[in-house]
Amino acid sequence: MIINGGSRCNARFFARHLSDEDENERVTLCDIRYLAAENVTDALHEMEVVAIGTFCKNFFYHANLNPLDTEHLTAEQWDYAVELLEKYLGLASNARFIVEHRKKGRTHRHVIWSRIDVRRMRAVTMMHDYTKHQATARQLEHEFGLERVHSVLGPDKVKGRPKRRPKSWRASGARKAASTLSR
């Protein structure tokens with residue numbers, strides 16, 4: 001399983017990306033926890049409003065959970081995977097929502113957590129998150145009997161780095177340019 005993520009602040013971009021039914025065969029809002037919102041845009045806005053009092057710029061944490069295209073998780077396995085990751089990240093008591101995408105026959109999930117601990121009105125520190133992603137992925141692969149995906153960092157790293165995908169803003173710009181040319 002591949003897990004990646006990071007602290008973010010670009011709510012408008014993520015609201016569009018997570019709700020994009022043109023790029024995905026299916027978009028499902030699976031869960032909202034500790035938020036009054038009923039959709040992705042409102043959930044991100046609610047998280048942003050709470051963060052205003054903290055001066056935290058990157059007020060939410062976005063993670064992708066991606067099994068291989070040949071692997072399928074049950075609803076219980078998806079729930080466990082999210083709970084395990086949020087435990088490792090220290091976000092188990094924070095507001096969150098989960099969006100599932102089905103794209104080109106492959107299902108993956110996005111989890112967005114507020115980084116704000118509302119009891120203390122402070123942002124949760126996000127250190128060594130790559131290591132926590134890797135630990136979660138290896139544990140899930142072991143427990144679920146999934147194929148092990150080799151890390152690009154750490155003691156079991158593969159030689160060389162894989163080819164990187166273009167940044168989202170480059171891909172978005174390329175799509176816009178292509179649509180302009182096709183007119």
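This is a short tour of a predicted model, going from the whole chain to helix α2.

**Whole chain.** Start with everything shown and colour by secondary structure. Five helices and seven strands should appear. Followed along the sequence, they come in the order β-α-β-α-β-α-β-β-β-β-α-α. Now switch to a surface: its accessible area is about 11,300 Å², and carbon and sulfur atoms account for 53% of that. Of the 183 residues, 39% count as buried. If you draw a contact map, look at pairs at least 6 apart in sequence; 69% of those contacts join residues at least 24 apart.

**Helix α2.** Next select residues 40-52, which form helix α2. Put a distance between the C-alpha atoms at its two ends: they are 19 Å apart. With 13 residues at 1.5 Å a residue, the expected span is 18 Å, so the two values agree.

**Start of α2.** Zoom in on Asn39 and show its side chain. A side-chain oxygen of Asn39 comes to within 3.2 Å of the backbone nitrogen of Thr41, at the start of α2.

**Buried side of α2.** Show Val40, Ala43, Leu44, Met47 and Ala51 as sticks; these residues of α2 are buried. They lie on the same side of α2, because the arc they cover around the axis is only 95°. Residues three or four places apart point the same way because an α-helix has 3.6 residues a turn.

**Neighbours of α2.** Which elements do the buried residues of α2 pack against? Select α1 (11-19), then the strands β2 (26-33), β3 (60-66), β4 (96-103), β5 (106-114) and β6 (116-117); the buried residues of α2 pack against these elements.

Definitions and conventions: Residues numbered from 1 in each chain as written. Predicted model: local features only at pLDDT ≥ 70, side-chain atom pairs only at ≥ 80, totals over all residues. Heavy atoms only, no water. Helix = DSSP H or I, 4+ residues; strand = E, 2+ residues; numbered from the N terminus. Expected span 1.5 Å × (residues − 1). Buried < 20%, exposed > 50% of the residue type's maximum accessible area, 1.4 Å probe, protein only. Arc of directions from axis to C-beta. Contact = heavy atoms within 4.5 Å. Polar contact = N/O pair within 3.5 Å; in protein donor to acceptor, adjacent residues only side chain to side chain. Areas by Shrake-Rupley, 256 points an atom, 1.4 Å probe, with all protein chains shown as cover.
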